[in-house]
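Reader: I am new to this structure. Can you take me through what lies inside and what lies outside?

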Amino acid sequence: MVLPNILITGTPGVGKTTLGKELASRSGLKYINVGDVAREGALYSGFDEEYDCPILDEEKVSVTLHKVVDELENHMTEGGVIVDYHGCDFFPERWFHAVFVLRTDNSILYKRLETRGYNEKKLRDNIECEIFQVLYEEAMLSYREDIVHQLPSNTPEELEENISQILGWIEQWVKDHNP
């Protein structure tokens, strides 16, 4: 049976991981958090005090992203994968049958990121990223317009609606691609 590949993307704090894990649990598709995969590659060259986060070693990141893409290639070729990452422009377009960009109201997103302990600059930069739809635009530039979908991600009810909508999409996709 042929199964679809799905990308869930959006600004940090919009609920990608929660949605991705729950979808995988309910659909039987495999869940991959690319941030976790990349972290395992020891990509840090120091610590950024201003953003209160590790500094990525760009040379290692470039090499590791290629390794991540290479490592994911077999999974993506097999199909049935949900990929969770806050960016999307380095993934091959051929990998995904649907791209879901989660969006969250700024006041809700602010509280979520504040709860995570983000400092004021990091909070502000992520809120601006959401305001200016940076990840939605990145998805629209990286993939065919007809496979990119925005979903609201503000409440537990919206989470359930998104799960139901995507599960319905998966079911229809499987019917359409498995005669």
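Author: One term comes before the rest: a residue is buried when its relative accessible area is under 20%, and exposed when that area is over 50%. Keep in mind that this is a predicted model.

Reader: Which residues of α6 are buried, and where on the helix do they fall?

Author: The buried residues of α6 are L135, Y136, E138, A139 and S142. Seen down the axis of α6, these residues fall within an arc of 160°. They therefore line one face of the helix.

Reader: What covers the buried residues of α6?

Author: Both strands and a helix take part. The cover includes α5, β1, β6 and β7 (148–152).

Reader: Which helix gives the most to the largest nonpolar core?

Author: That core has 22 residues, and I6, I8, L19, L23, I82 and I166 have the most contacts inside it. Elements that each supply at least two of its residues include β1 (6–9), α1 (16–27) and α7 (156–177). Five residues come from the top contributor, α7.

Reader: What does L23 touch, leaving aside its neighbours within four places in sequence?

Author: L23 belongs to the largest core. With those neighbours set aside, its contacts are I8, G28, I82, I163, I166 and L167.

Reader: Is F132 buried or exposed?

Author: F132 is found in the loop between α5 and α6 (134–142). With I131 and V134, F132 forms a nonpolar surface patch of about 290 Å² accessible area together. The cut-off for exposed is over 50%. F132 has 56% relative accessibility, so this residue counts as exposed.

How values were computed
Residues numbered from 1 in each chain as written. Predicted model: local features only at pLDDT ≥ 70, side-chain atom pairs only at ≥ 80, totals over all residues. Heavy atoms only, no water. Core = buried A, V, L, I, M, F, W, Y, C linked by side-chain atoms within 4.5 Å. Buried < 20%, exposed > 50% of the residue type's maximum accessible area, 1.4 Å probe, protein only. Helix = DSSP H or I, 4+ residues; strand = E, 2+ residues; numbered from the N terminus. Contact = heavy atoms within 4.5 Å. Patch = residues over 30% accessible without salt bridge, like charges linked within 9 Å, V, L, I, M, F, W, Y side chains within 5 Å. Areas by Shrake-Rupley, 256 points an atom, 1.4 Å probe, with all protein chains shown as cover. Salt bridge = Lys/Arg side-chain N within 4 Å of Asp/Glu carboxyl O. Arc of directions from axis to C-beta.
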